[in-house]
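User: I have a model open in front of me and would like to talk through its interior and its charged pairs. Could you help me read it?

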Amino acid sequence: RWIRDYKSGALVFACVLGFTETCLIPGISAAGLTPEDRKYTACADAEFLYYGANHQSQYSLPPLIAGASPVLISRAVTERLQIPVYLFNAGLPIIPSPPCIDLGGTVARCLSTARSIEYTTVQHLLTQGLLWGEKLSTNITSGYLILSECVVGGTTTALSVLTGLGIDAVGKVNSSHPICNHDQKWSVVQSGLNKIGSFSDPLEIVAAVGDPMQIVVAGMAIAASRKCGVILGGGTQMLAVYALIQAIGQVHSLSWQPEAIVVGTTRWVVEDTSGATIDLALSLSRNRFAEGQIPPPLLATQLSFSNSIYPQLQAYEQGFVKEGVGAGAACIAASMSYGWRQEEILMAVESQVENIYNTY
């Protein structure tokens, strides 16, 4: 029904950038070879998403343990199909070079401190999310808005927020590692949650153990769902955002349209045997703030890099990277709204890799 209602209308792609010092913990994320590299991942991805390879970048795409940034996929689709792209800075340590809407957020402290973001800042970011969700959806009433993210370490803050909301997410989240580092994530999450009690306000949970992207995208989706379709572009991180939407809607009496929102990701996330994406999505109906609500519809592109000529892309089939910067949602849009076959998406992505080699 969602596909039938929204696939033929206008499309806008938004990416919300954020930072959590959780990502500086050695080994917590593979979205950057070292903790120092991970400081620049969001800025580099934002540059590439907006400008592509044929631009003198201020921040080059960071080296990874294996594979290549998922922004190659998002850029391949948005560039070829000329989809409007909006970038939002929810809280970064460095100002991105492309045009970026500053939401007045802050970098999140490591969630182990249980003091990630000031509560007043969380309130401000929710207000900004609601405002921009309203603005972005104004001209796409018969289409849909893709809300994507770039937050290194975001699957760990997703685990902490999901757990704080009362959802059993232990061992179910994904990561950029081929085998998810569940024990490490859970140890960090416990160190944060053990410092706090049980909150009745989801904004307090984000303030304690969340990241700035989560609350912005939740606000955007709430407001946009009143006017158009919404794809939450991502895996574990967007399931945490969906759970926040449920909780915020109930606690803060904000109206939203559940039937307008789906979560869109990649098959690498859904088929990841070291996580449990589908079970996690189903468990959102057991959220203590979501009585009587159904789980979010979950879509996944079937894109495969098995036949790619580039080892950086073949690494996705070995479990590296998997998702990010709305890569899965971009591919879903290409197939659903523009009729692209998987071969066409692969060719477009390989063209991006080739451009990088020619440029750098």
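Analyst: Happy to help; the questions and answers below go through this predicted model.

User: Let's begin inside. How many cavities of 30 Å³ or more does the structure hold, and what is the volume of the largest cavity?

Analyst: Good place to start. A search for cavities of 30 Å³ or more finds 2 of them. The volume of the largest cavity is about 470 Å³.

User: Which residues are the closest to the centre of that largest cavity?

Analyst: The lining has 34 residues, and by class these are 15 nonpolar, 14 polar and 5 charged. Among the elements that each supply at least two lining residues are helix 3 (41-51) and helix 10 (236-251). Strand 4 (144-150) and helix 6 (154-164) each do so too. The residues closest to the centre are Ala31, Ser176, Gln237, Val321 and Glu323.

User: Helix 3 came up there. How many of its residues are buried?

Analyst: Helix 3 is mostly covered. Its buried residues run through Thr41, Ala42, Cys43, Ala44, Asp45, Ala46, Glu47, Phe48 and Leu49. Just after the helix, Gly52 has a positive phi of about 80°. The buried count for helix 3 is 9 of 11 residues.

User: Now the packing. Which residues have the most contacts inside the largest nonpolar core?

Analyst: In soluble globular proteins, nonpolar side chains tend to be buried together. Here the largest nonpolar core has 68 residues. A second, separate core has 61 residues, including Leu64, Val262, Val325 and Val349. Back in the largest core, the residues with the most contacts are Leu145, Leu147, Leu165, Ile215, Leu232 and Ile245.

User: Take Ile215 from that list. Which residues is it in contact with, leaving aside neighbours within four places in sequence?

Analyst: Ile215 is one of the residues with the most contacts inside the largest nonpolar core. Once its neighbours within four places in sequence are set aside, Ile215 still touches residues from other parts of the chain. Its contacts are Val122, Leu125, Leu126, Leu203, Val206 and Ile248.

User: On to charges. How far apart in the chain are Asp279 and Lys172?

Analyst: This pair belongs to a structure with 12 salt bridges in total. The side chains of Asp279 and Lys172 meet in a salt bridge, at 3.0 Å from N to O. Asp279 sits in helix 12 (residues 277-283), while Lys172 lies in the loop between helix 6 and helix 7 (182-193). The pair links distant parts of the chain, with a separation of 107 residues.

User: Of these two partners, is Lys172 buried or exposed?

Analyst: Buried means under 20% relative accessible area. Asp279, at 33%, is therefore partly exposed. Lys172 has a relative accessible area of 10%, so Lys172 is buried.

User: Which residues are linked with Asp5 in a network of salt bridges?

Analyst: Asp5 forms a salt bridge with Arg1, and their closest N and O atoms are 3.1 Å apart. Asp5 is partly exposed at 37%, and Arg1 is partly exposed at 46%. The network joins Asp5 with Arg1 and Arg4.

User: One last residue: which residues is Cys100 in contact with, beyond its neighbours within four places in sequence?

Analyst: Cys100 lies in the loop between strand 2 (85-91) and strand 3 (101-102). Its relative accessibility of 25% makes Cys100 partly exposed. Leaving aside neighbours within four places in sequence, the contacts of Cys100 are Leu17, Leu87, Phe88 and Asn89.

Key
Residues are numbered from 1 along each chain as its sequence is written. This is a predicted model: local features need pLDDT of at least 70, side-chain atom pairs count only at pLDDT 80 or more; totals for chains, interfaces and linings use all residues. Side-chain values use heavy atoms; hydrogens and water are left out. On a 1 Å grid over the protein atoms alone, a cavity is a set of points where a 1.4 Å probe fits but cannot get out, and a pocket is an open set with protein on both sides within 12 Å along at least five of seven lines; lining residues have an atom within 4 Å of a point. Grid points are joined across faces, edges and corners, and a volume is the space filled by probe spheres set on the points. Helices (H or I, at least four residues) and strands (E, at least two) are DSSP runs, numbered from the N terminus. Ala, Val, Leu, Ile, Met, Phe, Trp, Tyr, Cys and Pro count as nonpolar, Asp, Glu, Lys and Arg as charged, and the others, Gly among them, as polar. A nonpolar core is a set of buried Ala, Val, Leu, Ile, Met, Phe, Trp, Tyr and Cys residues joined through side-chain atoms within 4.5 Å. Buried means under 20% relative accessible area, exposed over 50%, partly exposed in between (1.4 Å probe, protein chains only). Contact means heavy atoms within 4.5 Å. A salt bridge is a side-chain nitrogen of Lys or Arg within 4 Å of a carboxyl oxygen of Asp or Glu.
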